[in-house]
Each structure stands twice: as C-alpha cells, then as structure tokens.
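Colleague: Could you take a close look at the empty space enclosed inside this model? I'd like the largest cavity in particular.

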Amino acid sequence: MDGQLSTSLSSSTVPSIVRSTSEILKSTSGVMQTAARVAALPTPATGATPGPQTPPPNRTRRFGIAVRITLGLSVMALLVVLIGGVSMSSFRLFRAEVTALSTNTLPEVITSAELHGSLQKLVAQLPQLAAANSTPQRRSIYDGLVTELDSMQLLVARMRGLMKDNHGDGKERDGNVRLLEQTRSTLLILAATVADLNAEVTRQIEYGDRQAEAARALSRLAAAIESMPDTGAWAARIGALMARAAGATQLDHLSRLKGEARSAERTLAELARLTGGAPDPTGQMMSTVQEELFSLLVAPGGLFESAIDRLQARNRAQALTGQAQVLVETVERSTRALYDSIRDQSAERTDALAELIAERTRTVMMLAGASILLAVGVYFIFRRFLSSRLVAMNRAVLARLSGGRQAGGGAAGTVPVPAPVPVDGDDEITDIGASIRYFIDEIDRRQQALADNERRFRDLVEGSIQGIIIHRDFHALYANDSFAAMLGLTVAEVMALPSLLSVVAVEARQSMIDNYDQLLEGGQSTPRRRIRACRPDGAELWVELTGRRVDWMDGPAIQAVVVDVTREVEADNALRQSRDAAERALGELKATQASLIQAEKMASLGQLVAGVAHEVNTPIGITITGASQLQALIGELSDRHTANALKKSDFQRFLSDGMEMANLILSNSTRAANLVQSFKLVAVDQSSDERRAFLLRDYIDELLRSLHPTYKARAALTIDIDCPADLELDGYPGALSQILTNLVMNALVHALDPEQPGRITIAARVMDGDMVELSIGDDGAGIAPEVLPKVFDPFFTTRRGSGGSGLGLHIVYNLVTGRLHGTIGVESRPGEGTRFTLRFPRVTAAA
C-alpha cells in the first residue's frame, strides 16, 4: 500500500508541483521585470508639470506574503528529491555551453585578433608604397599589400562562416554581422584605392625617370655649347635658360612650374629671333642647339612636361594615400569594435555559465529538503493566493504598457482604454499593484511632458534658418531642413551620405579632420571659419560654420551651425577683381607718365642743343673768315717774295694785318670752345645722371652760359647770382641742371615780358644740418591764387594749345623730392613775381 501511494505521488503529484512552482517563479520574475521596465522609463525634462499624484496605499498586514513565502520555502524543502533531475539538467546545459565556447566563440576571438594583426601590418606597409622611388621596391611593397588584403578577406570570410554557425543572442550577432560586412566592404574599397595608389606611384617613377633622362641630356647639351665659338648674348641667355630650367624642375609648386615652362617657351622664341641674324655656320649651330633645347625642355615628353606630370602624379598619390589611411582607420575601428564585441560576448557567456552553475547549485540545495506530500498543498495554496494574482497583475501591466484595451473594451473606432492593474486583496501584492499603477500613471504624465518638450525643440531646430548638423566621425546623426537645402538634398539623403567630407572641398578636408579631433579633445567651441563646399550636383558654395562637442546617442558628437555665405564671397571676389583692375590701370598710367616725363626731358635738352648750335655758329664763322683772310695775306706775301718784289712796308703791313687776324681767330675760337665746353658739361649731366662732386656757383655759371642763346635777344633781362664760390655739392648735377633749366625757362616763358625789363635771381646758402637752400625768383607777372596749388600737378598748364605740356614743374617736383631727397615750395603774388625755394642735403644719399 505504501509503495503504491509513493508511486502515485511520484507519477502525478510531483510533476504538478514542479509545474506550479515554475509558474510561481515565472510570474514573480515577470512582475519584477515589468516593474523594472516601468522604473527604467525616461523622466521628463526639468520644468515639466506633472498632474495630480496619488501615493500608493500603506496598510497593516495580518496574513501577508512573508507567511506565505515561509510556507513556500517549507514546500521547496520537500522538493529535495528532485535534486538529481535538476543536477542532470544543469550538467547537460553546462556541457552545451562549453561546446559552444570551444567551437564558436573561441575561434571567433582568435580570428578577429588575427584580422586586427593583419591590419597593423597593412598600416605599416601603406606609407612605404607612397614613398617608393624605384620599380622593384614599388612592386615588392605592392605585392605585400595585396597579400595582406587577400589574407584579411579570407579572415573575414572565415568569420562570416563562424557567425552563421553561432546561435547566440540575435541582436549581438546582427551587430557583429553588420560590423563584419562594413569591414568587408571597406576592404574592397581599400584594395581599389591601393591599386590606384600603385598606378600613381608607377607613373610618378616613370615620369621621374623621364625627367632624369631629360636632365642628363640637358647636361650633355650644356657641355656641347661650351665648345661652340663665342656667340655673346645668345650663349649667355642659353646658359641662363638652362640653369633656370634645371632649377625650375626642383619646384614643388605646380602653377609656378607651369609658369616657368611658359617663360622658357617665350625665351626660346626670343632666341630664335636673335639666331635669324647670325651668319653661317654659327647661325646653323645656334639653330640646331635651339631646336634640341626646345625638344628637351618644352616639347612633348620634355623636361618641363615630365616634371609637371611627375608632380601631378605625386599629388594624386598623396591624396590616395590620405584616402587609404582614412579607410584603414575605418577598418581599424570596425575590427576593434568587432573584436571587443566578440570578446565581451565570450566573457558574458563565461559569466553566464558560472552563474548558471551557481544558480543550479542553489536550486539543487533548495530542492533537497522538499517534501512530496507538502508540495501538493503548497501547489494549491500558491496557485490560489500567489501565482494567479501575479500572472493577472503581469498581464495587466503588459497590456497597459502595450496600449491594450480594458476587458470589455469600447466599440470600434473608440480610443483604446488600457486595463487597470488589479489591486484586490490585502497583502504585499496589493501594495505592489497599487505602486505599479501609480508609477505607470506618473510615467504617462512625464512621457506626455517629454513629448511636448521634444515637439517644441524640433519646432525650434527644424524652423531655424541656419543649417544644423550633428555628426560622429563625419557620419550624420541629425540634420535640419536648412542644412539639407544648402546642399540641394533632403534630410534623408544627407543622413545617407557615407561621409560629410564628401561635400567639403579637398583642400579643406584635412583642416576639418584636425578641427574635429581638437573639438573631441578640448571640448571648447571653435571660432567661426569659412570653407568651400561642393553640392552633389557639382555646384560650389561657401559656408561659415562653428562647432561644439555635444553628447548625442550615448556618445560624444560634434554639432555644427552652418550659414551659406556664397553671395558674400562672390561680392568680395568682385571687389578684389575691381581693385586689381584699378591697380593695373594706375601702373599703366604711371608708365605713360614716366615716358612723357622722359620725352619732356629730351625735348628740353634738344632746345638747349639748338640754342648752343646757333650761338656757336657766329664765332666759328668769324674764325673761318679770319683764317681765309690770313691765308690770302700769306699767299700774297709769298708771291711778292718769289718775285723778289717784297718790300719792307709790305712785310710790316703783313705783320700788322696777320696779328689782327690771329687775334680775331683766337678770340672767336676761345669763345666757341667755352660755349661747347659749357654745353658739353650741362648736356652730359642731363643725359647721364651720374653722381659727382661739383662747385655750385661754377655749375650755375656754366648752365647760364649754355642757356644764353635762348635769352640773348632780351637786352633788358638781368640774371643775378648770389652763391658762395666755395659751396661744393656731392650729388647729381644732371638733376640740378634739369631743375634750374625748367625754372629759368618757366620764368622766361610765363613770368617775364620779352619787351619789358625783368630780373631773375638765383641765390644759394648753407643751412644748419648740412642742408642747402636754393631759391630762384623773378619779378614777373606772378601766379594767380587759384592756380598756385596746382603748379606741380602733372599735365597742368595755362598755355594749353600754345606748346605747353604741363610737365615742367612736375618734373622739377619729382627730381627735388626723389633724386635730391629734398623739398620744394613756391611763393607768388600776382604782379609781384614768383619765388621757388628748394631745400636738399649738401651730400645726396645714394640712389
């Protein structure tokens, strides 16, 4: 009988007890998890106004959960007979977990570590490829890179196979698969980039060899030119061109190198014109050298083209190197994240296994004292007072959180009303239900407030006229409509961009990366800066942006405020172009003015030549007449002497007339010589502008002697000179001669009437500080007050149409202030005359 009872209990009651206990545990676990989910819901932002709050009840218990749990523990003590079954189950689960660790997790960890190690080798070899300077070295490095990339692809394929066999957590496995796929796609792009880089390095080496060959040919040509006959300026220019070409090929600036190539073409064209006038055979040799030099320097495949192609290939190789480094960094981040994720999963599984062993051990110990008979009673008691109520509470909470209808909900089309959490009874479960109901109501109010705050924030940000973008590693996390409109995209298209650097000009990308690193490290907002951006359709725009570090989506990110300033930049460029055009026009005007000033100077010198030539004619004519008369007297005396008819009176008359003729010839020859000497001194000074030391008084006398033919017809004119005879100047007499000539001629033309008496005064004195004051005055008509401020302006004249150019006094002003490093002033009153006062150093500084 006892055996039958035991068998019956073992076959029917024990499974029921097990099922009841499992339900109780599951119900309790579900309620606890639901409470944890409720407590973990977000709280509203500061300032949210919660609704009225009803605190949970606090009641006095008579037969509470503690008593019932005591009864439950007593029941669990009776279940110790189940320890064997639970232990076997634990051992089977432990063996399955160990098998999973050894067959899946551990190989994944090893493979991810090998993948990261291969990446480190790739990082070490990549810069060596860009720096390769020979074909064998480049081929060896490239083969090594291809081998490493193939090895990494094989490791990625092995990892994919392992992940397919892994039956772990689906969310973590999906994350690892995404990281692995990202690594695989980035490796494919990296392989293509490395291939492009290898091609550019190949071209760079090829162009470098061509450049070296052209340089050697240029050296051989230089040696051949040295053996040629002396060709003067042509050889010097050829040598200078070859030296300049050799130096230009070492430039690293592409535009400057192209400019040197164009300059070489112009120089060769000019040398071709020089060669055309050279006699043969030298001309043929020069022409042959020029043709060979043209072929070596500027012809297709020449030195300049090879240097330009090599520099362009090097620039492209540098850009591809930077791109490859970015891709390597992306792969490094992906592999690092994959390795960390797999390692964390392995640690979690190991910890879970240890926890499982501990839990099952505790369970076995708890079941060791269970009793089969008491388990029947505990089963009904727990089911009635605990499990059913906990299950109902758990269902109500889940329904409330999922928005389910209350039992017997309203008709179709009405708003669903969540079922309330049951609070019947008078124990701790009742308090838990009331607390959960209170927490759910409070969370609903706070979620509503949070939704209102979020809606206001989105209205503020989305309606901003400034572009706002939040990114991490230049991958967009958030963008408003204004930013998307700047790029001609939608917000979804902006979020789909692989990198925000793709819309930034190439030259500004490195600065963007540096600024990103600086923001992440320092956290300080950066000042506003202006960069050039590119829309996906190819259009360019200029933007100003500021950035700061923010916390976004569980990590640091960068928020940038972007403003479109394309119109401002275009206006600045237009203003800069207008300014450059004005500067070019001013330069052309100054060049024209300089040529006019030189023409005026030569015209003044021409007038001086004409006057002196006319003045010298008279003494030369008298000299010729006297010499002819003396020749006739000598001939007559010779005839008388030959005829023996020479008388004493004839000889005395010849002596008297001959002496008179000799004196006449000597005086007029001396006069002509003095005129020529004075003119030569003044003219040479005016035309050469050489520096020398001279006596001011003697130089003024020589100048007036040269100018005398221009005013000798004015018998009533008087020129007074008040200058120390020992006043010596060290400077430019030509400039001083031009100044005095223009001022004297200005007085003769504008101030003094040819028919009236007039006076010109030239005075000089030494002042303090080794300065000289030179004044030229007249007592003529004077200058009107409205004209006086303009007398030194270029092209200003009161005799327009009467031969006046308006440059005389402007030349004087430039010579005084520029060549003599002095100052000039003018004083004049109508009817009382004019006085020009010059002050300049006695020893003029070198030009």
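Here is a walk through that cavity and its lining.

Modeller: Sure. Bear in mind that this is a predicted model, where local features need pLDDT of at least 70, side-chain atom pairs count only at pLDDT 80 or more, and totals for chains, interfaces and linings use all residues. Residues are numbered from 1 along each chain as its sequence is written, and side-chain values use heavy atoms, with hydrogens and water left out.

On a 1 Å grid over the protein atoms alone, a cavity is a set of points where a 1.4 Å probe fits but cannot get out, and lining residues have an atom within 4 Å of a point. Points are joined across faces, edges and corners, and a volume is the space filled by probe spheres set on them. Counting cavities of 30 Å³ or more gives 3, and the largest has about 290 Å³.

Around the largest cavity sit 23 lining residues, with I469, V504, M512, L545 and V562 nearest its centre. Two or more lining residues come from each of β1 (467-472), α12 (481-486), α14, β3 (529-534), β4 (540-551) and β5 (556-564); helices (H or I, at least four residues) and strands (E, at least two) are DSSP runs, numbered from the N terminus.

As for chemistry, the lining has 18 nonpolar, 4 polar and 1 charged residues. Here Ala, Val, Leu, Ile, Met, Phe, Trp, Tyr, Cys and Pro count as nonpolar, Asp, Glu, Lys and Arg as charged, and the others, Gly among them, as polar.

α14 (506-522) also supplies at least two residues to the lining of the largest pocket.

Methods. 1 Å grid on protein atoms, 1.4 Å probe; cavity = no way out; pocket = protein on both sides within 12 Å on 5 of 7 lines; lining within 4 Å.
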